[in-house]
Amino acid sequence: MSSAATADVASAAARLRALLGDRLHEPGEPGFDTATRLWNAAVDSQPALVAHCLDADEVAAAVRVAARCHLPVSVRSGGHDWAGRALRDGGLVLDLTGLRAVRVDPDRCTVTVAGGASAADLLAAAAPYDLVVPTGVVRDVGMAGLTLAGGYGPLGGRFGLALDNLLGAEVVLADGRRVTADPRHDAELYWALRGGGGNVGVVTELRYRAHRLPAVLAGMIMFALAEAPAVLRGYATLLADAPDELTVMAGFLPGPAGEPVVFVCPFYSGPDLDAGRPWLDRLRALGTPLVDQVDPLPYADALRMFDGGMVDGNHYLLRTRWLPTLADGAVDALVDAARQVTSPFSALALHHFHGAATRVRLGDTAFGLRAEHLLTEIIAAWAPGGEVAPHLAWAERTSEALAPLALPGGYPNLLAPTETERVRLAYGANWARLRRAKRHYDPRDLLTAVPTLPPSEHPE
């Protein structure tokens, strides 16, 4: 917080204990370690208190206590932010994992989820109605954290980012007020929520536009590392022709023996799945497939191919770049990185931003890049107890090799907490407006989330 007041942890603990009983967790108590355990075991942040809230009223009361006791606040829902920003050092963590309810309105094609619901929660409830909402590729990720900063995913070409499908939200502001944000109620807050991260309020409920989609044509095609240059160059050519209905991930994953293999992962979401088969033939023809597993599947089932890909409890460090195209230099840098990988758990991923996501006007949401591009994830992963330096060096070296070919900024959900300047560049023309929203809704900088914004007194 920008205030010079000293945090009064003891008073906050007493007030929250009266409110929550044994759902308040303090260091040294049996539930504290569980409440602060994240997907990335490398995170070692030490919050002062964790409040396990079960409804929006409890969230609002906890926020008021934090404000009164000068305690900074962070929010944990899915817990999949690699940098661990869900756990604020010395602060109060609002644990929303108990808010998992999902309501589906099949007639209006909407899905409403509580602030701690995961993609899996949402999709399971919507599946009986053949409805989907755009998600990321990992089902355990919380929908709130995914949506508020963007939400790249396999349906982006046809339906846009997750945030493009957000119709409204229920929000607890930094002063403890509960408000509605949508086009008719507090439109500026609604604008800031869609891309500005969780920095302007604690979202306790999100309402989405849903889409009829009984099945997708999706799966994994893998090739040997030796074929990677040709596969990635062919992938770049195919992307230039791809319709909205086809979104294709690519990159490098660990093979059966831990060696890296190059992959392409198509999701064809058109109404006639047979129309997607010629595109699959083009992908197969990029090389000689080692694995070729593409089938018509319900969308939620197709995402299961990523379950277990990023193992809970490993150590992770991510770097990211936005590439305008997959030029030859970028292909060379990615192939070199795959050949020099320092861990059998590490990976590289390319997410194609195109189609419907590019047709949203830049000023309509806080998200700062609407031109077609590739989001590159450089994922260094290693088992606990291993040496950190080689993996960090590999990730940094790969990021620096891509930097001259990249757009300014980067996806804020993946940027490191220290990359404040890249966060500013990521928002571009929307930066000043987002900063004004932050000062208006959280003038004391009570809330910290993804992306990391500088304190309110920081110059524009």
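**Exercise 1.** In this predicted model, work out where Ala210 lies and whether Ala210 is buried or exposed.

*Solution.* Start with the secondary structure: Ala210 sits in the loop between β10 (202-209) and β11 (211-212). Next, check the accessible area. The relative value for Ala210 is 6%, and the cut-off for buried is under 20%, so Ala210 counts as buried.

**Exercise 2.** Find which residues Ala210 is in contact with, once neighbours within four places in sequence are left aside.

*Solution.* Go through the contacts by stretch of sequence. One set is Cys109, Thr110 and Val111; Leu131, Val132 and Val133 are also in contact with Ala210. Now take Thr110 and look at the backbone: its C-alpha atom is 5.0 Å from that of Ala210, though the two residues are 100 apart along the chain.

**Exercise 3.** Pick out the buried residues of helix α9 (residues 277-284) and say how they are arranged around the axis.

*Solution.* The buried ones are Trp279, Leu280 and Leu283. Look down the axis of α9: these residues fall within an arc of 100°, so they line one face of the helix. As for what they pack against, that's β12 (216-223), α8 (228-241), β13 (246-254), β14 (260-268) and β15 (291-297).

**Exercise 4.** Name the residues with the most contacts inside the largest nonpolar core, then follow up on Tyr235.

*Solution.* This core has 65 residues, and the most contacts inside it belong to Leu232, Tyr235, Phe252, Val264, Leu326 and Phe367. Beyond residues up to four places away in sequence, Tyr235 touches, among others, Val248, Val264, Leu326 and His352. Apart from the largest core lies another, of 60 residues, including Ala117, Leu193, Met249 and Leu434.

Notes:
Residues are numbered from 1 along each chain as its sequence is written. This is a predicted model: local features need pLDDT of at least 70, side-chain atom pairs count only at pLDDT 80 or more; totals for chains, interfaces and linings use all residues. Side-chain values use heavy atoms; hydrogens and water are left out. Helices (H or I, at least four residues) and strands (E, at least two) are DSSP runs, numbered from the N terminus. Buried means under 20% relative accessible area, exposed over 50%, partly exposed in between (1.4 Å probe, protein chains only). Contact means heavy atoms within 4.5 Å. The arc is that of the directions from the helix axis to the C-beta atoms. A nonpolar core is a set of buried Ala, Val, Leu, Ile, Met, Phe, Trp, Tyr and Cys residues joined through side-chain atoms within 4.5 Å.
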